[in-house]
Amino acid sequence: MTEYAVVAEGLVKKFGSVTAVAGVSFKVRYGEIFGFLGPNGAGKTTTIHMLATLLKPTAGDAWVAGHHIVKESDAVRRSIGVVFQDPSLDSELTAYENMYIHGKIYGMGGEELRYRIEEMLRFVELYEHRNRLVKYFSGGMRRRLEIARALLHKPKVLFLDEPTLGLDPQTRAHIWEYIKRLRDEGGVTIFLTTHYMDEAEELCDRLAIIDHGKIIAEDTPNQLKRLVGSDIIYLKVRAVNGAPNSCDALSAPPVMECKPLREGMVALKVSDATQAIPVILERAASMGLRVAEVSYRKPTLNDVFLYLTGREIREEEGSEADFLKHVIRMRRFRRR
Amino acid sequence: MSRTLDPFVIMAYRQFRRFLRTKARVVTSILNPIIWIAFFGLGWANAFNFPMAKAIFGGVDYLTFLTPGVTAMAVFTASFIGGVTVIWDKQFGFLKEVLVAPASRTGIILGRIFGDAVIAVLQGLAIMALSFAIAHNLNPYGILPALAYAFILALGFTSAGVALALKMTSMEGFQMVISLLMMPLIFLSGAFYPIKFMPGWMKWVAYINPLTYAVDGMRHYLSGVSTFNPLTDLAVLCIITAAFMALASRLFKKATID
Ligand SMILES: Nc1ncnc2c1ncn2[C@@H]1O[C@H](COP(=O)(O)OP(=O)(O)O)[C@@H](O)[C@H]1O
Ligand SMILES: [Mg+2]
């Protein structure tokens, strides 16, 4: 148990008739960044709240830094720092006052506290703004201050609930830098949740994909992407009378796996798309299938989610557009 | 020890800091009693300006009778409404930051109550200063004991406000309950007229109203007239305040997010 920063065994949380978390089990090693990736309402925040001792699980057990989250909640609280999804700063106070009050509540004081506040404010580049009221801070500055505050008392485990939610791309990149630096400097284990693929891919050493309160896959980002192959081709096929089912027709080398999606779309797992596409198009033609659209890309975590659930994680920004490669004609898949 | 004391001190400090920055709260909570003293007090003082009138108020002029009551009212209002900061903390998320901390919950909530109670007493002190300026028969030696009563009252009703706010989710709900309770408690406390002239049923309500005992005790020391023995007032206030503080601590200890 001691080699793991977080151990969850069958955690369940029900709110009345709603099951927010439907039995999740996972282990987070010391020093790694472990992520929960999943769409809105998947149960990420509820899981963090249980691990952070703010909600009692309906069933199951969990240990954080070796302490049981219900029976030893005080010891858990001493070992963790939390950045909540929703803001939790006192905006009528200055950045420094927010830090100072946090330190005092956590039993710090004197020269040590002053030094540590300065160190953490410098780390998130807010030292120059230390005497400004938080209500005049931008969203990104508030987030950075929350991260600094959560680290002030040197927690063993840092929980970050959607650390870059709603922030602009530059600010997000900035916050990613801090998170990566924390890992590289060592000393803190990070558990983060996100519904951004790029964030999970960029930051997580290992991640669990969570949907409807259940973990549906758990591995390193690279291993997860290997689930869908090294390249993935999307074909939109018009059924012509008498033609066989498209997956039956196309499932032969170089296609390693064929998965039907919605509306005549199929996903083909191949090792090298540029060589496979001509072969596939020829075969489709000879089988009497008319191909309306072709595109391929290196698999992203979005493809993994699509592969596992048949749905996409909805994203506000079209950030995965960068990863798309256009072959014949590019069209974004219709969103649900 | 410092696990309880540090959170206590820092939360009191925080309530202070915030209060000094939210000037609207200072203005409204001081303005109201000033309006009562000026428009209600000065008006009636002239109406009661005849020799027999003093007998109604236990032998003192009306302003001398009224001003300790308005001071108690100011402290009561400021402390009861102070619970609204708990609702703000819920809505702006600061409550979560506190709930996830390893500190003593009792220390945190009592520090916050202490801070808000001191703030309420300071507002009462402003009204008291104004009272001495316009009512000329108040006893300056009564200031300190009256402030002590005011402080116990403030601790009690800050706790009551905090307890209520912990149970409420919306600002509107909190304000509705507060304003439903506030006026009857003020009118039935003997702040504006003596209890002994109230109709029978009103008297009984006044007797079970905690504010009555603060008004009576403060009036005893500042004006020299009272309905009850000041030690009775003190005992009742202490019991009620202890009960409200225990309730607020209990609710806060059990508080989770939902
Ligand atoms: N306090 C609550 N009461 C009732 N339902 C809740 C509560 N908190 C969360 N839920 C529900 O639980 C599910 C999971 O929510 P949440 O953990 O916030 O998901 P995520 O953080 O992954 O978006 C959602 O369906 C949400 O509506
Ligand atoms: Mg969430």
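Here's a quick tour of a magnesium site, a ligand pocket and two unusual backbone angles. Keep in mind that this is a predicted model. Two residues of chain A, A:T45 and A:Q85, act as protein donors to the magnesium ion (ligand 2). Ligand 1 sits between chains A and B, and A:T45 turns up again among the residues closest to ligand 1.

**The magnesium ion**

- The ion gets its protein donors from two side chains: atom OG1 of A:T45 and atom OE1 of A:Q85, lying 2.0 Å from it.
- These two residues come from distant parts of the chain, 40 residues apart. A:T45 belongs to helix α1 (residues 44-51) of chain A, while A:Q85 is in the loop between β6 (80-83) and α3 (95-105) of chain A.
- Are these donors tucked away or out in the open? A:T45 has a relative accessibility of 21%, so it counts as partly exposed.
- A:Q85 is partly exposed too, with a relative accessible area of 25%. Since "buried" is kept for values under 20%, neither residue gets that label.

**Around ligand 1**

- How many residues surround ligand 1? There are 11 of them, and the closest are A:G41, A:G43, A:K44, A:T45 and A:T46.
- Helix α1 of chain A gives the most to this shell, with 3 residues.
- If you sort the shell by type, you get 4 nonpolar, 5 polar and 2 charged residues.
- Oxygen atoms of ligand 1 have polar partners on the protein. A polar side-chain atom of A:T46 lies 2.5 Å from one ligand oxygen, and a polar side-chain atom of A:T45 lies 2.6 Å from a ligand oxygen.
- The backbone joins in as well: an N or O atom from the backbone of A:A42 is 3.1 Å from an oxygen atom of ligand 1.
- On its own, ligand 1 has 560 Å² of accessible area, and the protein covers 64% of that.

**Two positive phi angles**

- Why bother pointing out a positive phi? Because most residues other than glycine have a negative one.
- A:K154 isn't a glycine, yet its phi is positive, near 55°. You'll find A:K154 in the loop between α5 (139-151) and β7 (157-161) of chain A.
- A:E162 isn't a glycine either, and its phi is about 50°. A:E162 lies in the loop between β7 and α6 (169-185) of chain A.
- Which of the two is buried, and which is exposed? A:K154 is exposed, with a relative accessible area of 56%, whereas A:E162 is buried at 2%.

Note on methods: Residues numbered from 1 in each chain as written. Chains lettered and ligands numbered in written order. Predicted model: local features only at pLDDT ≥ 70, side-chain atom pairs only at ≥ 80, totals over all residues. Heavy atoms only, no water. Donors = N, O, S within 2.8 Å, 3.2 Å for Na, K, Ca; no water. Helix = DSSP H or I, 4+ residues; strand = E, 2+ residues; numbered from the N terminus. Buried < 20%, exposed > 50% of the residue type's maximum accessible area, 1.4 Å probe, protein only. Near = heavy atom within 4 Å. Polar contact = N/O pair within 3.5 Å; in protein donor to acceptor, adjacent residues only side chain to side chain. Areas by Shrake-Rupley, 256 points an atom, 1.4 Å probe, with all protein chains shown as cover. Nonpolar A, V, L, I, M, F, W, Y, C, P; charged D, E, K, R; others polar.
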